[in-house]
Structure formats: C-alpha cells, structure tokens
Amino acid sequence: MDDARISRGGLSPRLWLAGGWLLIALLAAIFAPLVAPQDPLAQDLMLERLPPFWLDGAEPGYWLGTDSLGRDLLSRLIFGGRIAFIVAFAAATSACLLGSALGLIAGYFGGWADRIISRVVDVWMAFPPVLFAILLVAVLGTGLSSVILAIAIIDWTRFCRVIRAEAMSQARMDYVESARIAGYGRIGIMLREVLPNVLPSVVALLSLEMGIAVIVEAILSFVNLSISTDDPTWGSIIAEGRLSIHQAWWVLVFPLITLILTVLSFSQFGEALKARFDPVLR
Amino acid sequence: MAEPLFSVRGLKVALPDMTRKPLIGRAPLAEILKGLDFDLPKGSVTGIVGESGSGKSTLGRALVRLLEPSAGAISFEGRDISHLSEAELRPLRRNLQMIFQDPMSSLNPRHTIFNIIAAPLRQNGLGDRLKERVAEALQRVGLPQTFASRYRHELSGGQRQRVGIARALALSPKFVLADEIVSGLDVSTQAQILTLLEKLAAEMGLTVAFISHDLSVIRRLCQRVIVMREGRIVEASATDALFDNPQETYTRDLLAAIPLPEIDADWLQQKAPA
Amino acid sequence: MSACLDIRGLSAVLPNGQRVLRSVSLTVQPGEVRALVGESGAGKTMIGKAVLGVLPKSVRIVEGEMLIEGEDLGRLDAKARRTLIGARTALIPQDPLTALNPSRRIGAQMTDRLVRILGWSGERADTRIRQLLDEVQIRDPERVLKSYPHELSGGMRQRVLIAAAFAAEPRLIVADEPTTALDVTVQKQILRLIAQLQRDHGTAILFVTHDLGVVAKISQKVSVLYAGKVVEEAETTQLFDAPQHPYTRALIAATPRYTDPYASLKPVDEAVLAGLSAEIAAADQDWRPGHG
C-alpha cells in the first residue's frame, strides 16, 4: 500500500544543495554592505577589466575581477542579489496568493465561478509572457514595484491552473462530504479540508515561481526596463558583460552562473520540499 | 411502534448524466430514483440492498440530504427536509450522520484522528470538554487513546473504519447512514466492524440505514430490508419474512446467486438469472 | 504425467529483506481448479504474478522452483521463459476495464495476442475469437467486436476477457479475483462460464480469490494463504467439512451466511492470529535463503 512509504527521514541531498546555495545567496544579499569587499558603484579606471583571482594580473580584494569601468564584479553580484531576492519574494508571493485563491475557488466551487476564472486564465495564457511583461512595464513605467506587479499579473495563472486541478480532485473526496455531514459550510470545508491538501503543491510552485521571477527580472533589466540603471542587477550586469565578452569574459560568465544556480535551486528546493511532505501523508 | 423517524413519500432524484452530456451545454438529467415510499421506524436497523445501478447509494445520500430530491417528500421527525437549504439543514446535521464506504478517502490525510473526530463536535456546539468527548468516542469503538494523535496512514483498514464510526457516533445522532461500510474490508475485519455496529446501534438506540450489496450481512444486522432495483423498491419487509419467504422473483434470484461458503455441487448447475 | 503447475518452496523478499512469500509449495494438476484463498496482503496475487512472470521489480525470488508441465522456468533464459509462459498460460484479470485499452476496439485487442505472440494468421485468429465469443454466450459478436471497452457492461467485458484467455488453448489459466468487481447475479453467470469452459477445454486454473463462498463453488483443491505462507491445503470438500488449521476455521466462521446469520460473521479470535504470527516469526528466525 502507498501508506507503507513512510517518511524516508532526513533531508535529501537535493534539498541540502539547493537550500544551501539559496541561504548563502540570501544572507549575502541581506548583509551586502558588510559582505561585499568593495563599493559596487565605485569606478576606478586604473582597475578596469581585472581578471578573476586565479589568473595573472589579478588584484587582491577583487575576487571575480572587475568590469570595463573598474567596478568589482563580486560586489556587484552581491548587491544585484538584493534586487533579485526582493523581486523573487514579492512577485512570487503576490502571484501565488492571487492564483491559488482563484484556483481554489474555481476548483472547489466549480460552476459559474470555475467557468469565468478558467476562461480568464485561457485568455491570459494566450499572451507570450515575456512580451506581456515588457508591454506591462512600458505601460506601468520602470521601477521595482512595476516589475513586481508585472510578474504577479502575468504568472498568477500558473498557480491558478495547478491548484484548480488539485482542488477539483480534492472536492470529490469523501472527507469533503463528511465535513458537510459534520455541519461545515462551503468556505469552512474549502479552508479546512481542501486547502491543507493542496498546500504542498502551492509551496513547490511558489519556490519554482521565485526562480522564474528572478529570470524575468533579469530579462527586463537586460533590456533596460527594470529599475534605474545605477543599481546593479544581475540582468544589467549580464547586459554589460555581453559588450565586453572578448576582453573580459568573466563579466558575462559569473552573473550567468549565479543566475542559473539560483533559478535551478529554487525549482529543486520546491520539488524536494513537496517530495518530502507528500509520501508521508498521501 | 410510535411514529417513524423517517417517512419517505414519492421520492424522486434526478442527477446530471455525464455520459450523455453534449459538447456545449448542460448534461441531461437522468432519473435515478423513480418514486419511493417507505418508513424507517425509530430505533430500527433497515438494510437497503441492490446491485450496481439500483440507486441505493443515491437514496442514502438523499436521506442525509447530501442530495436534493427532484420530487416527493422526506420527513424527518415529522418535518419535511427535502428542500431545506444548507443553512437550514445545519442544526439538523447533528442527528443525520453517515459512515462512509471507503475509510481511506473519508479521512482527511492532513488531520489527526483527534481532529477528525472533534470536527463534528466543534461544529455542533459540543466544543466544550472536547478531549473527554473524543476519548469517549475512541473508547466506544475499541481504539486505544494513543490513536488520537495519529494520522490515517498509520492505521489499518479496520481501524480506519472504526474512526469513521467514532466520528459519526460522537454526536449521539438519532440517525446513521452506513453506506457499504464493510465492502472494502477483509472478512475477519468485516466481522469485527459489523459486530461493533450491531452492539452500538442497540446500546445507543440508533436508527440505521445500512446500505449493502451483501444479503448475508444484512440478514445478521437488520430488522427490516428494502430490496431495490433500477431506482424502484422491489420488495420491503421484515428480515426473517424476506429471507424465509421472498415474494418477488428478483429477491429469490439475488439469494440464489450468493455463493455460500459450503459445498453444494448443484449450485453451478442452476442457471443464473439473465 | 507431470503437474500442469508445480511450485516448490518458493520464497520472495522485498528490497528491505522482508519476506513476502514463505516457502510456498503448490501444484495444479491438468484440468483441475485450484483456489488460492487469503486476505489482503496474504500474497495470493503475488503467486499468480510469479507464475505469469510479471512480478514487480522490487520483489525478488530468493529460492524455490516453478515448473510448468515439467519444465523448470528457472533453467530457461528470459526469452525462452517468456515464450513458454506465453504459449501455455493466460490470465483472467480482476478489473476488466483497466485490462483493456480504452481507445482500441475489442476485436483488435482480442486477436492481437493470437497474432503477435502465437503467430497465427489474422483469419485464423478471427475465426477462433468468434468461436470463443459463442462459447461465452455472446449472441451478437459483430457488435461486441466493433465496440470500445466502455461501451460494454462489466459482465460483458469479463466475458470478452474469458474468451480471450481460452482462445489460445492455454494449459493453465491464472484467474485473479475475476468476479470481485461484479454484482452477485453477474458473478454467478461468470463463474458458470468459467467452470463450463474449463471443463470443455480441460484447462487447469489457479483461481485467486478472497471469497470462501467462491472457493466452495468453483474449485476442487484449495490452498489457504496467510502472510505469504500456505497454512492449509486440501481437497475443497475436505476443507469445508473438516478444516484442520485454526485460521481456516476462523476464516470460514467469519464469512457471512444468510442461511445461518448467528453461526457466521464471527470475528477472528485474536489468539488464532497471535499463534499464526508466532509460527511465522519462528520459521523466519531459522530461515536462510537456500537452506530453508
């Protein structure tokens, strides 16, 4: 029987690796002024295009080298992480709250509520997301809050679709009828019986969505539609690095690696969390 | 006997038939129950038997008003409950309880056994002395108190069904619907659950509607039997009368089709009804 | 003459070392019906799967032999084993709906096995299938062959699968709870059909079931299983007249009988189960694969 697969105990290596990277990146971003070896905005043309520490010509204190204006790359990445995490948490959480709530209502109540919400989702998903984001930021104006709002507005459908499907299958369970027999109302049943059973999926999607938000923010910065160009963001560093790829490859490669590791970690972390919570109770 | 607990007259239930749903628009209604009349006397255990498609489960769900009848009347203690709204039903729920067929799917995997049994108590104004009441309910069904902190996946099939019974009886209801409550269990567990229900029904003076496809089980547990087929009542009478002297061919066919655990070389030779 | 199926001391374990079959021995003689009865988790379905060579990967056979008509499956390579099992055995499954592909017509699915595995011509397979449909008393074979599985009733689907199982003239059929999902009147029709075809074709059947009532009606021999161990095996008449093992007696007493409501439905005595567990634990203690 499925139930025999009781908790495997301990954390999986996947959870450790992904969680470890996210924790390091997050702490570095929060304590950026303390951690960063240099001022991320300080230009020094004497120090332009310094290579990373293991290559000839490297300077101590500039571990990952400098860009074409002599700014320290590691410091810029650390400060760029602040924007990345703010966007990840704020945008993903908003998308999650909106999408999950609508998905829960559509899936559990069905009928008209479901028909209206599902049609809106269908129409929404017909737009290519990145174009949609660029369009939205163009309308809302650049800036941190616009970026967050744009991502939330675009990606709530991801939550809505998944949670709707899960809520629908939950609604058919006998324990839902049993709660009616116990005298619970519809809202009470939704919150008490259905919600706890869709939460693992919500958590997994939330983590995945944080990774996606990081990417979308990077894309928007890359095309110069995110926040003001002074503050470093991973997307803007990548955009600059692209211009000097032949003279200083590290300015492009390190931010790319940082971005990929972070996005992968978010998705793996979510999956691992779900796997950890699921077999025990399902 | 005094007035019946349930009095059902001309009961019809129609449900959307999803197999005939057109691509666009609503599914047409199919009549599942086609006019039923019967009473459930107070304190009696009535068996409702039938094969798949007979409408026995639909009937059960109409009695506890999980479904709304399309015609006819269901009187509970003299009051017609057939068209009460969910809010109007809420005060009555305390006396209209149900034990489900599949104890796996009827227990929420995310709640402890304590919370599962406590839910109907909390919701029906018995939230005081909750610990005591849950402990009492567990004891009544023969489960140790330590089970209160467990989850459904930590229990065996028979134990899960005991929790289902404990939940339904925690409120000391007047009526309990038992829908195929042993059909998923092994025979040894089945016997335990049935003797438990038999004992509790007698002790608490419950009125029980016991839905089953198994006439052998019904004979042991029930004082009265309703035989259903395709949404209609074929035969209804006292248990002994029905088994000793079935009036309808269909009832006789059903009895003859049961393979009893005893040697009978002729059984396979008798033709089964088409 | 060698037995149609001969299982000798078969033991199987899960990856965590837990034994799921405990030195199971049983035979099915040509043309006889052997019932394999037990409660859930007793391992009865597992034995059926072992015979058909479709055990889940997690279950490992650690000792014992299985012979089909005297040929030791363990001595054959994988391909030869598949060919032998394919030619001599067939399955009547529990759930006729999931056993059939929902998007293919019944006719195509029935002839498939004959054409692909046994290499029959399409024409020969078609004739044979129609003959069998007649034997399972399907009166309008044209309609049934053209139908999709969901268009037939449960009883009809089970008839189709019985016809398919007998079509290739296997020596042995494993029937895995073939009537559990059916209504009682349909169950009787299906049991009658299986018994009749079994007699007409002289096929041996390993009949897996949890229902002692079905055992009493369909089988000549019976093995009672508990926790992967055969606790009693006997002629069916003997088993019901004079059950030897306390567990068998308890099982018979627990099975409901409308003719005798108060002598049946007796809960199994805890002492009986405790005794069984002790018996099994003691046997496991001494057991080493290959020496048991």
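# Exercises on a predicted model

With 14 C-beta neighbours inside 10 Å, Ser172(B) counts as partly exposed. Here a residue is buried if 20 or more other C-beta atoms lie within 10 Å of its own, exposed if 12 or fewer, and partly exposed in between, with C-beta atoms placed from the backbone.

The model is predicted, so local features need pLDDT of at least 70 and side-chain atom pairs count only at pLDDT 80 or more, while totals for chains, interfaces and linings use all residues. Residues are numbered from 1 along each chain as its sequence is written, and chains are lettered from A and ligands numbered from 1 in the order in which they are written.

## Exercise 1: two serines

Task: find where Ser172(B) lies, and state what is noted about its phi. Then do the corresponding for Ser23(C).

Solution. Step one: Ser172(B) sits in the loop between α6 (157-169) and β7 (175-179) of chain B. Helices (H or I, at least four residues) and strands (E, at least two) are DSSP runs, numbered from the N terminus.

Step two: the phi of Ser172(B) is near 45 degrees, which is a positive value in a residue other than glycine.

Step three: Ser23(C) belongs to strand β2 of chain C. Its phi is near 45 degrees, again positive in a residue other than glycine. Ser23(C) counts as partly exposed because it has 17 C-beta neighbours inside 10 Å.

## Exercise 2: a strand inside chain B

Task: decide whether strand β3 (residues 45-49) of chain B is enclosed or open, and say why. Then name its pairing partners β8(B) and β9(B) with the sense of each pairing.

Solution. Step one: five of the five residues of β3(B) are buried, so the strand is largely enclosed by the rest of the structure.

Step two: check the faces. Val45(B), Gly47(B) and Val49(B) lie on one side of β3(B), Thr46(B) and Ile48(B) on the other, and all are buried.

Step three: look at the pairing. Two strands pair if DSSP finds at least two bridges between them. Strand β8 (residues 207-212) of chain B runs parallel to β3(B) and is joined to it by five bridges. Within β8(B), Ile211(B) is the bridge partner of Ile48(B).

Step four: β3(B) also pairs with strand β9 (residues 224-229) of chain B, in the parallel sense over four bridges. In β9(B), Val227(B) stands opposite Val49(B).

## Exercise 3: an open sheet in chain B and one in chain C

Task: give the strand order of the open four-stranded sheet in chain B and of the one in chain C, then place helix α1 of each chain.

Solution. Step one, chain B: the order is β2-β1-β4-β5, with antiparallel pairing. The edge strands, each pairing on one side only, are β2 (29-40) and β5 (79-80) of chain B. Inside the sheet, β1 (residues 6-16) and β4 (residues 71-76) of chain B run antiparallel and are joined by five bridges. Ser75(B) in β4(B) stands opposite Ser7(B).

Step two: helix α1 (residues 56-63) of chain B packs on this sheet and touches β1, β2 and β4 of chain B, with its direction at about 65 degrees to that of β2(B). Angles run from 0 to 180 degrees between N-to-C directions, and axes are lines fitted to C-alpha atoms, for helices over the stretch in contact.

Step three, chain C: the order is β2-β1-β4-β5, and the pairing is antiparallel. The edges are β2 (19-28) and β5 (71-72) of chain C, each pairing on one side only. Strand β4 (residues 60-68) of chain C meets β5(C) in the antiparallel sense over two bridges; Asp72(C) in β5(C) is the bridge partner of Leu67(C).

Step four: helix α1 (residues 44-52) of chain C lies across β1 (5-13), β2 and β4 of chain C, at about 65 degrees to β2(C).

## Exercise 4: contacts between chains

Task: find which chains share the most contacts, and describe the chain B side.

Solution. Step one: two pairs of chains are in contact, and chains B and C share the most contacts. Two residues are in contact if their C-beta atoms, placed from the backbone, lie within 7 Å. Chain A and chain C do not touch, their nearest C-alpha atoms being 9 Å apart.

Step two: 30 residues of chain B are in contact with 33 residues of chain C. On the chain B side, α7 (187-204), α8 (215-221) and α10 (249-257) are the elements that give two or more residues. Of these, α7(B) gives the most, with six residues.
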